[in-house]
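Load the model in a viewer and keep the selection panel open. The tour below goes from one selection to the next and says what is there.

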Amino acid sequence: MKEDKKVVWRKLDNSAKLFPSVSNKRFSTVFRISVLLKEKIEPFALQMAVNQALEKFVSFKVKLRKGLFWYFLEENEQIPVVEEEHNYPCKYIDPVNNNGYLFKVTYFENKINLDVFHTLTDGNTAIRFFKSIVYNYLEATHADNFEVNRRDKSVVINDTEDSYLKNYNKHLGSREKSRTAYVLKGKKLPLFAIGVIHGYIDLPKLKEVCKEKDVTITGYLTAVLIRAIYEENYKKHNGKKPIRICIPINLKKYFASTTMSNFFSYITLEADVQKDDFDNFDNILDFVKNNLKKQLNEDKVTKTMSANVKWGNNIFVKLIPLFLKNMLLKISYMIIRRYTTTTLSNLGRISVLPEYKDYIDKFLLLLAPEPVEKIKCSACSYEDKLIFTFTSILEDISIEKGFFKYLEAQGIFVELESNEVHYDLSKID
């Protein structure tokens with residue numbers, strides 16, 4: 001008699017618990033990582049590359065299930081869906097049409113996309129999985145050039161520790177009071193449409209300017225973003241509330257962790273335009289530098305993380321049935337979103353093994369905008385380019401225009417590209 005195979009399951013990490021309850025077609029909580037190769041994609045080879053990557057990154061081989069009190073992840077034995085791209089980026093991933101997977105791989109011409117539901121993992125871990133797919137694909141399509149390969153494909157990566165619970169401090173769990181943020185104004189695009197503008201920025205020149213200003217790249221880009229919002233939207237709509245920029249941070253830089261699950265937190269910069277003079281860019285830059293210095297230290301980071309973990313670890317929260325918890329989380333998250341104007345996520349430098357570089361043109365990172373944060377911003381760098389991306393549900397592109405024009409005014413060359421949803425790039429010139 002054949003013995004039934006035991007189903008493998010695991011709990012969601014502390015961050016992942018929130019996303020299934022609040023996600024829907026208008027608020028997907030999906031991010032995208034893309035690669036542009038120097039050749040057209042071969043679908044069959046890509047499907048094989050994804051299947052092979054899953055054998056190594058087994059923590060991605062899961063589906064979402066409902067429990068009595070929480071959602072949980074269960075082993076998924078289906079084949080992941082790989083298909084040609086036919087929709088806007090970062091769309092809600094319907095498990096019914098995706099064989100239950102929490103990620104989606106698509107392709108178009110020479111581009112491969114990995115859309116990831118944030119319950120599965122964060123951007124820093126997703127890029128590891130994505131690079132494995134890209135490596136597998138290039139090895140399959142250029143087998144003669146990769147006969148000798150030093151990658152160890154036999155190693156299975158399955159560390160799914162909840163690093164939040166391991167590292168949080170229960171005595172630092174109090175939340176700091178904050179004010180509701182300025183919400184970007186303007187006419188929206190048709191329902192479910194997303195406008196995308198990529199700016200390919202001269203990285204050596206950007207680094208040179210940042211060195212002169214004694215500021216990090218993320219700090220400088222944040223200051224330019226605040227300026228663009230202030231000049232192109234805030235002033236025009238007589239804004240009163242502070243401009244609040246949410247910046248995700250990789251907690252693995254602060255705590256020892258090799259988990260493949262989520263392990264990120266965030267800081268929020270609150271620019272009080274009513275109190276500070278933001279007509280001068282140097283004032284904005286000083287504000288950003290001072291706030292980053294205050295918030296990017298281990299004590300502050302631990303305090304913010306611990307406040308979030310304490311909520312999810314509360315015994316009363318744990319005992320609320322899932323159907324009721326879903327309703328409460330949706331209401332709570334709608335309130336929380338009012339405390340952020342926009343998000344800027346910088347994934348940093350993406351590096352690849354030397355033997356694959358000749359086949360790769362660039363990488364992209366995109367975040368899903370949503371009804372409150374109508375514009376979201378993301379960045380990553382590859383070789384000598386930093387790619388800064390706006391994803392938006394607004395018709396007006398004044399903020400994007402103001403952002404890139406300011407960079408060019410500082411002598412930083414930018415090449416632009418869009419998905420041409422509602423405009424052409426001549427409007428930015």
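Which residues are linked with Arg-32 in a network of salt bridges? Select Glu-85, Lys-111 and Asp-115 together with Arg-32 to display that network. The model is a predicted one.

**Salt bridges**

Over the whole structure, a search finds 20 salt bridges. Next, select Arg-65 and Glu-74, whose side chains meet in a salt bridge at 2.8 Å, N to O. Arg-65 is partly exposed because its relative accessibility is 37%, whereas Glu-74, with a relative accessible area of 14%, is buried.

Move on to Glu-161 and Lys-166. Their side chains form a salt bridge at 3.5 Å, N to O. Here Glu-161 is partly exposed, with a relative accessible area of 27%, and Lys-166 is exposed, with 54%.

Then select Lys-357 and Glu-383, a salt bridge in which the closest N and O atoms are 3.7 Å apart. Lys-357 sits in the loop between strand 11 (342-349) and strand 12 (360-367), and Glu-383 in the loop between strand 13 (375-382) and strand 14 (385-392), so the pair ties together parts that are 26 residues apart in sequence. Lys-357 counts as partly exposed at 31% relative accessibility; Glu-383 counts as partly exposed at 44%.

**Helix 2**

Select residues 43-56, which make up helix 2. This helix has 14 residues and spans 21 Å from its first C-alpha to its last, close to the 20 Å expected at 1.5 Å a residue. Which of its residues are buried? Colour Ala-45, Leu-46, Gln-47, Ala-49, Val-50, Asn-51, Ala-53, Leu-54 and Lys-56: these are buried. To see what the buried residues of helix 2 pack against, add strand 5 (82-84), strand 6 (103-108), strand 7 (111-117) and helix 3 (123-141).

**Aromatic rings**

The structure as a whole holds 25 aromatic pairs. One of them is Tyr-230 with Tyr-234, a tilted pair at 5.9 Å centre to centre and 40 degrees between the planes. Both tyrosines lie in helix 6 (residues 217-234), four residues apart, about one turn of the helix. Tyr-230 and Tyr-234 are both buried.

Select Phe-278 and Phe-287 for another tilted pair, 5.7 Å centre to centre with 55 degrees between the planes. Phe-278 is buried, at 2% relative accessible area, and Phe-287 is buried at 11%.

Now select Phe-57, Phe-60, Tyr-101, Phe-103 and Phe-129, a cluster linked by ring pairs.

**Strand 15**

Go to Val-414 in strand 15 (residues 414-418). Is Val-414 buried or exposed? Val-414 counts as buried because its relative accessibility is 7%. Not counting residues up to four places away in sequence, Val-414 touches Gly-199, Tyr-200, Ile-201, Phe-404, Leu-407 and Glu-408. For a distance check, pick the C-alpha atoms of Val-414 and Val-116: they are 28 Å apart, with their positions 298 residues apart along the chain.

**A nonpolar surface patch**

Finish by switching on the surface and selecting Leu-68, Phe-69, Ile-315, Phe-316 and Leu-319. These residues make a nonpolar surface patch of about 560 Å². Within this patch, Phe-316 belongs to helix 9 (residues 315-318). Phe-316 is exposed, with a relative accessible area of 65%.

Conventions
Residues are numbered from 1 along each chain as its sequence is written. This is a predicted model: local features need pLDDT of at least 70, side-chain atom pairs count only at pLDDT 80 or more; totals for chains, interfaces and linings use all residues. Side-chain values use heavy atoms; hydrogens and water are left out. Patches are made of residues with over 30% relative accessible area and no salt bridge: like charges are joined within 9 Å, nonpolar side chains (Val, Leu, Ile, Met, Phe, Trp, Tyr) within 5 Å. Accessible areas come from the Shrake-Rupley method with a 1.4 Å probe; for residues, only the protein chains shown count as cover. A salt bridge is a side-chain nitrogen of Lys or Arg within 4 Å of a carboxyl oxygen of Asp or Glu. Helices (H or I, at least four residues) and strands (E, at least two) are DSSP runs, numbered from the N terminus. Buried means under 20% relative accessible area, exposed over 50%, partly exposed in between (1.4 Å probe, protein chains only). The expected span of a helix is 1.5 Å times one less than its number of residues. Contact means heavy atoms within 4.5 Å. Rings of Phe, Tyr and Trp (its six-membered ring) pair if their centres lie within 6.5 Å; planes under 30 degrees apart count as stacked, over 60 as edge-to-face and the rest as tilted.
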